[in-house]
Each structure stands twice: as C-alpha cells, then as structure tokens.
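Dear colleague,

I am handing over the structure below, and after it you will find a description of what came out of looking through it. Please keep it open beside this message while you read.

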Amino acid sequence: MTVSDHAARHVAIIMDGNGRWAKKRMLPRVAGHRAGVETVRTIVRAAGDLGLEAMTLYAFSSENWKRPEEEVNDLMGLMKRFILSDLDEFAANDVKLKVIGNWRALAPDVVALIDNALDRTSGNKRTTLAVALNYGAQDELVRAANAAAAIGEITAEAIEAHLDTADMPPLDLLIRTSGELRLSNFLLWQSAYAELYFTEKLWPDFTPADLKAALDQFARRDRRYGGL
C-alpha cells in the first residue's frame, strides 16, 4: 500500500532539549522547562489550526523519577500550573484533554487536578491532547497484555484494544526535537508504522512553522506498510 499527499491525523512529540536550552543561556534547568511549557501552549494552539485530530506529548516518563528531586518537583509544579492556567483555553477551543501512563500513582493533588481537567474537557471534539505522565511504553504493553489475558487470548488486536491510546486515531508521525535519534520508551507499539521526524531544534525553540514543516514532509512521504 502506497499513500501520497496524505494529511496526518495524530502526531506525537518527544519534547527534548529544555535543559540544553537553559544551559546555552547559563540559566537553571527549570528556566528551560518553563520555556518548554510556553512552547507546549503555542504548539497545542497550532495543532488545531493545522487540522490535527490528536496530539500526544511526552511530558514525564517513568524514568524521569531518576532526575534530581528538585527538578522533579519543579516539573510537577509546572504541570499543575499549566493545567490550572490553560483549562479555560482548552474548554474555549474545544480541546479534549487525555492523560496516558500510570498517572494515578502521582501525588493526590495532581491526580485531583487531572481528574477535574479530564471531566471538564470530556465533551470537546476539535482536537485531543494526550499528555504522557509517568509513562513508559514497556509498562503500557505489560498492562495491555495483562488486560487482554484477563478476558481471553493475547492477540495483537487484543493488546491494541487495551493500549492507553486505544480510543485515538493511529499514530501517523512521531517528532523528536534536540537532535537525539531514539524513541526513549515512547509509544513503541503505536510507532510500528508511524513516520519518524527528527530535528536539531531544542524544544523551547520549536515553532508552529516547524510543526507545519514536519507535517508537510509527512504528506510527501510514501507509507508502504511493508509493501513495495
């Protein structure tokens, strides 16, 4: 199967480079994370304008707990402020918030904020924003396989039905910023036939024009799905 001139429906982004962005400017790492949050706001707004049905952002991996406690606390604080400050905008712009990963293991106040945001945006339809929190793809696959086994035979279809992204369109394009060339335990199953796009841009410097450039390149690619 070959498809050309096609538009992406679901894009995922590994938002990498906040720390290096801050280091280049001789700023603390938290300054890079704050700048990264501003980029999230800009890119989420652009996603709807560019016609994307869904966007998944790798916000906090299950491996990020290995970072210094102060940095983890800063990240959690930024996440809470982001949810609180942007919830009205999500509602106004018909953005449905979704959270994937083992996020219910987070602090109770964070879980309560997320529950409220999910409930408030549940009826929105323009764009789905999935935020990966305390997420690891290997853990997701284990959970999906266990759920499939609990009700019957473990098949590819059964696993897929129990993935965190089961109610979202198939992943079309995965973008990673900062020049790193790996998936870092992110959406491993979903990326099986997704197109990959790597850019040297650090996440705080990533713009809607960069997103459009990635989408334009995607539209020119031939997706063969194992065929000729």
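One residue makes a convenient starting point: Phe186 has a relative accessible area of 0%, and so it is buried. Please bear in mind throughout that the model is a predicted one.

Phe186 has an aromatic partner, and it helps to recall how such partners are described. A pair of aromatic rings is characterised by how far apart the centres are and by the angle between the planes. The model contains 6 aromatic pairs. In one of them, the ring centres of Tyr58 and Phe186 are 4.2 Å apart and the planes meet at 10 degrees, so this pair is classed as stacked. The two residues come from distant parts of the chain, since Tyr58 belongs to strand β2 (residues 54-61) while Phe186 sits in the loop between β5 (173-176) and β6 (195-198), and 128 residues separate them. Tyr58 also counts as buried, because its relative accessibility is 9% and the cut-off for buried is under 20%. Ring pairs further bring in Tyr135, so that Tyr58, Tyr135 and Phe186 are linked into a cluster.

Another stacked pair is formed by Trp203 and Phe206, whose ring centres lie 5.5 Å apart with the planes at 20 degrees. Trp203, at 1% relative accessibility, is buried, and Phe206, with a relative accessible area of 3%, is buried as well.

The next topic is the sheet. Strands of a sheet pair through backbone hydrogen bonds, and the pairing may be parallel or antiparallel. Here, 6 strands make up an open sheet whose order is β3-β4-β2-β1-β5-β6, and the pairing is parallel. The edges are taken by β3 (95-100) and β6, each of which has a single partner strand, so one side of each lacks a neighbour in the sheet. From one strand to the next, the twist averages 20 degrees.

What covers the faces of strand β1, and how many of its residues are buried? In β1 (residues 10-14), 5 of the 5 residues are buried, so the strand is largely enclosed by the rest of the structure. In a regular strand, side chains alternate between the two faces of the sheet. Both faces of β1 are covered, with His10, Ala12 and Ile14 buried on one side and Val11 and Ile13 buried on the other. On the β2 side, β1 is joined by 5 bridges in a parallel arrangement, and Ile13 has Leu57 as its bridge partner there. β1 is also joined to β5 by 4 bridges, again running parallel, and in β5 the bridge partner of Ile13 is Ile175.

At the β3 edge, β3 pairs with strand β4 (residues 127-135) in the parallel sense over 6 bridges. Lys98 stands opposite Ala130 in β4, and Ile100 stands opposite Ala132 in β4. Although β3 is an edge strand, it is mostly covered, as 5 of its 6 residues are buried.

The other edge strand, β6, contains Phe198. Phe198 has a relative accessible area of 32% and is therefore partly exposed. Together with Leu181 and Leu196, Phe198 makes a nonpolar surface patch of about 270 Å².

With best wishes

Notes:
Residues are numbered from 1 along each chain as its sequence is written. This is a predicted model: local features need pLDDT of at least 70, side-chain atom pairs count only at pLDDT 80 or more; totals for chains, interfaces and linings use all residues. Side-chain values use heavy atoms; hydrogens and water are left out. Rings of Phe, Tyr and Trp (its six-membered ring) pair if their centres lie within 6.5 Å; planes under 30 degrees apart count as stacked, over 60 as edge-to-face and the rest as tilted. Buried means under 20% relative accessible area, exposed over 50%, partly exposed in between (1.4 Å probe, protein chains only). Patches are made of residues with over 30% relative accessible area and no salt bridge: like charges are joined within 9 Å, nonpolar side chains (Val, Leu, Ile, Met, Phe, Trp, Tyr) within 5 Å. Accessible areas come from the Shrake-Rupley method with a 1.4 Å probe; for residues, only the protein chains shown count as cover. A salt bridge is a side-chain nitrogen of Lys or Arg within 4 Å of a carboxyl oxygen of Asp or Glu. Two strands pair if DSSP finds at least two bridges between them. Axes are lines fitted to C-alpha atoms, for helices over the stretch in contact, and angles run from 0 to 180 degrees between N-to-C directions.
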